[in-house]
Amino acid sequence: MPLQSGLKTVHNMIFNVQPNHLQNQHIKLVPLQQIDFNELYSVASDPLIWEQHPNKLRYQKPVFQNYFEGALQSNGAFFIREAQTNEPIGSTRFYDYDEKDNSVLIGYTFIARKFWGKGYNKALKKLMIEYAFEFVDKVYFHIGAFNYRSQKAIEKIGAIKVDEFEVEYYGEDSKLNYIYQIKLSPFKVLKP
């Protein structure tokens, strides 16, 4: 029997890269659906969110539409919502699960400025990393070479830069990204 999209077999367990149960006191991750476009775009339409991202024009509706289509096709994308109010916060995803390397990537993340500096990004990373470590022993992050804010945030939680290379985003030109890694063995549970 074939596995559904987004489901991977890991150590005889199924790694669902788009589960519908990930939640903590700050956020909940809801599998992204086509009907979420307008509500998510209401967050993404802020140009300052994309100021340091590799594609600075994602606030424009046609450019964001391309990002959104790539997210849906990834079968690992989430709509990030505030846990108590259900307010839209942004989006993120799991992608590129690699059985041989025993790893997965977390990325394509953006968060509304209203939630910056208030623990939401840290709560998001904690939730996703701890879930991923149930199945893999390495988590990677692609972060734009000029996205200093995200680089600092990921370094604060223990990620180490291990490489850099051009990443081709869905339907976009390739951009220089830094590759960060967190391994299971030295990983310390993050306080929310």
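This briefing covers the fold, the helix packing, the largest pocket and a handful of individual residues.

The model is predicted. Its chain holds four helices and nine strands. Of the 192 residues, 51% are buried. The largest pocket offers about 790 Å³ of space.

**Fold**

- Read from the N terminus, the order of elements is β-β-β-α-α-β-β-β-α-β-α-β-β.
- The chain therefore opens with three strands, since the elements are numbered from the N terminus and the order begins β-β-β.
- Two helices come next in that order, followed by β-β-β.
- The closing stretch runs α-β-α-β-β.

**Helix packing**

- Helix 1 spans residues 37–44 and packs against helix 2.
- Their axes lie 11 Å apart, at an angle of about 120°.
- That angle falls between the roughly perpendicular range, 65 to 115 degrees, and the roughly antiparallel range, over 145, so the two helices count as oblique to each other.
- The crossing of helix 1 and helix 2 is right-handed.

**Largest pocket**

- The lining of the largest pocket comprises 36 residues.
- Nearest the pocket centre are Asn121, Lys125, Arg149, Ser150 and Ala153.
- Two strands each give two or more residues to the lining: strand 6 (103–111) and strand 7 (138–144).
- Two helices do likewise: helix 3 (120–132) and helix 4 (148–156).
- By class, the lining has 18 nonpolar residues, 11 polar and seven charged.

**Positive phi at two asparagines**

- Asn75 has a phi near 60°, a positive value in a residue other than glycine.
- Its place is the loop between helix 2 (61–74) and strand 4 (77–82).
- Asn75 has a relative accessible area of 28%, so it is partly exposed: the value lies between the 20% and 50% cut-offs.
- Asn86 also has a positive phi, near 70°, and again the residue is other than glycine.
- Asn86 sits in the loop between strand 4 and strand 5 (88–98).
- The relative accessibility of Asn86 is 34%, which makes this residue partly exposed as well.

**Arg81 in strand 4**

- Strand 4 contains Arg81.
- Is Arg81 buried or exposed? Arg81 counts as buried, because its relative accessibility of 9% is under the 20% cut-off.
- Ile27 is 54 residues away from Arg81 along the chain, yet their C-alpha atoms are separated by 5.6 Å.

**Lys122 in helix 3**

- Lys122 belongs to helix 3.
- With 37% relative accessibility, Lys122 is over the 20% limit for buried but not over the 50% limit for exposed, so it counts as partly exposed.
- The C-alpha atoms of Lys122 and Lys156 are 9.2 Å apart, with their positions 34 residues apart along the chain.

**Phe133 after helix 3**

- Phe133 lies in the loop between helix 3 and strand 7.
- Its relative accessible area is 11%, under the 20% cut-off, so Phe133 is buried.
- A distance of 9.5 Å separates the C-alpha atoms of Phe133 and Val104, which are 29 residues apart along the chain.

Methods
Residues numbered from 1 in each chain as written. Predicted model: local features only at pLDDT ≥ 70, side-chain atom pairs only at ≥ 80, totals over all residues. Heavy atoms only, no water. 1 Å grid on protein atoms, 1.4 Å probe; cavity = no way out; pocket = protein on both sides within 12 Å on 5 of 7 lines; lining within 4 Å. Points joined across faces, edges and corners; volume = space filled by probe spheres on them. Nonpolar A, V, L, I, M, F, W, Y, C, P; charged D, E, K, R; others polar. Buried < 20%, exposed > 50% of the residue type's maximum accessible area, 1.4 Å probe, protein only. Axes fitted to C-alpha atoms, helices over the stretch in contact; angles between N-to-C directions. Parallel < 35°, antiparallel > 145°, perpendicular 65-115°, else oblique. Left-handed = near helix turned anticlockwise from the far one by under 90°.
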